[in-house]
Amino acid sequence: MEPGPSTSKPFKDFTSPRKKRKVSHISENEKNMIVNVFKYVQETWPVDKYKSKMDMKKNTADILGIGKTTVYRVLNQYKECGTVKAPAPLKKRPNLIEKIDDFDKSCIRKKVHEIFLKGEMPTINKILQAVNEDDMLPNFSRTSMWRMLKHLKFKYVTKKKETARSALIERPDIVLWRLKYLKKIRKYREEGRQIFYLDETWVNAGHTVSKAWEDTTVKTAKQAFLEGVSTGAKNPTSKGNRLIVVHIGNEKGFLPGCQWVFENKIK
């Protein structure tokens, strides 16, 4: 006869200490564990004690260290369906940076440089105040503003000894170019103009893929020669002819008749 669970002590002595925890969802295996523990409690219930399902569920919750509501919910699902269901996948909540569009990000960047133009140092407090006072922009906390500035490629650096202060810096030529661009783009959009974008790409004569398999056991050219193998693919060079492609378009597609493909010979 197989040994069974000991019943020499009262059942309450086997209960686990109650753990307070926040459970966002319960996995399918955990639900099966709840059902199995409840069945065990039901089978080992003292014969001289009234079989109250409420008490059994409470004992199950105490053994597992979870809430009674969770046990009731899982057992009801098992009773209705005959099995337990896996929890629905959690939806990823977008963070604050993902919720803010590019135009608002550009406005936040402009707020930083407006402080620069005033001859002041753009500290986190000044930036936070300037952004939160603008009704057209969302409100930020200090932590979220710090993350936003890092996302916008600002960096917090220590200034030289003559200033002995810290500030967020960015190249001045890029700042001026961006300010002019944003002003013009905003003006053209308000006027309802169609905006087209020009870009180019090219292909070298030695163009190849960026990744390839490599034999990491070959360490030297001598080893490759002795073993009759190669040292791997040689790095492509930019020498030779180059094919350049230029086109213009917008969100509606490329502009017909504006494609320009030509060969540029490089010595």
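Helices are DSSP runs of at least four residues, numbered from the N terminus. The exercises below apply this to a predicted model.

**Exercise 1. Describe the overall make-up of the protein chain and say which parts of the model call for caution.**

Step 1. Begin with the elements: the protein chain holds nine helices and six strands, and 24% of its 267 residues count as buried.

Step 2. Turn next to the contacts, where, among those with a separation of 6 or more, 52% join residues that stand 24 or more positions apart.

Step 3. Then weigh the confidence: the protein chain has an average pLDDT of 75, and 73% of the residues score at least 70. By element, strand S5 (residues 253-254) has the highest confidence, at 90, whereas strand S2 (residues 166-169) has the lowest, at a mean of 53.

Step 4. Finally, pick out the weak stretches. The pLDDT is below 50 over residues 1-14, a stretch with nine contacts in the model beyond near neighbours in sequence; it is also below 50 over residues 161-166, where the corresponding count is ten contacts. Where pLDDT is low, the predicted coordinates should not be read in detail.

**Exercise 2. Find how the salt bridge between Lys 58 and Asp 62 is placed, and compare its setting with that of Arg 186 and Glu 190.**

Step 1. The side chains of Lys 58 and Asp 62 form a salt bridge with an N to O distance of 3.3 Å. Because these two residues are four apart in helix H2 (residues 53-64), about one helical turn separates them.

Step 2. Consider their exposure: Lys 58 is partly exposed, at 38% relative accessibility, while Asp 62, at 18%, is buried.

Step 3. Now take Arg 186 and Glu 190, whose salt bridge spans 3.8 Å from N to O. They too are four residues apart, in helix H8 (residues 172-190), and so about one helical turn lies between them. Arg 186 is partly exposed, with a relative accessible area of 45%, and Glu 190 is exposed, at 64% relative accessibility.

**Exercise 3. Work out which parts of the chain are tied together by the salt bridge of Asp 134 and Lys 111.**

Step 1. The side chains of Asp 134 and Lys 111 meet at 3.2 Å, N to O.

Step 2. Asp 134 sits in the loop between helix H6 (124-132) and helix H7 (142-151), and Lys 111 belongs to helix H5, so the pair ties together parts that are 23 residues apart in sequence. Lys 111 is buried, at 18% relative accessible area.

**Exercise 4. Decide whether Lys 105 is paired or unpaired in a salt bridge, and describe its surroundings.**

Step 1. Lys 105 is part of helix H5 (residues 102-117) and is buried.

Step 2. The nearest side chain of opposite charge is that of Asp 102, 4.4 Å away; since a salt bridge requires a distance within 4 Å, Lys 105 is left without one.

Step 3. Beyond its neighbours within four places in sequence, Lys 105 is in contact with Ile 97, Ile 100, Met 148, His 151 and Leu 152.

**Exercise 5. Locate the largest nonpolar core and the elements that build it.**

Step 1. This core has 16 residues, and among those touching the most other members are Ile 108, Phe 140, Met 145 and Met 148.

Step 2. H5, H6 and H7 each give two or more residues to the core, with the largest share, four residues, coming from H6.

Step 3. Outside its neighbours within four places in sequence, Met 145 has contacts with Ile 124, Ile 127, Leu 128, Val 131 and Phe 140.

Definitions and conventions. Residues numbered from 1 in each chain as written. Predicted model: local features only at pLDDT ≥ 70, side-chain atom pairs only at ≥ 80, totals over all residues. Heavy atoms only, no water. Buried < 20%, exposed > 50% of the residue type's maximum accessible area, 1.4 Å probe, protein only. Lys, Arg positive; Asp, Glu negative; His and termini not counted. Contact = heavy atoms within 4.5 Å. pLDDT = per-residue confidence, 0-100. Core = buried A, V, L, I, M, F, W, Y, C linked by side-chain atoms within 4.5 Å.
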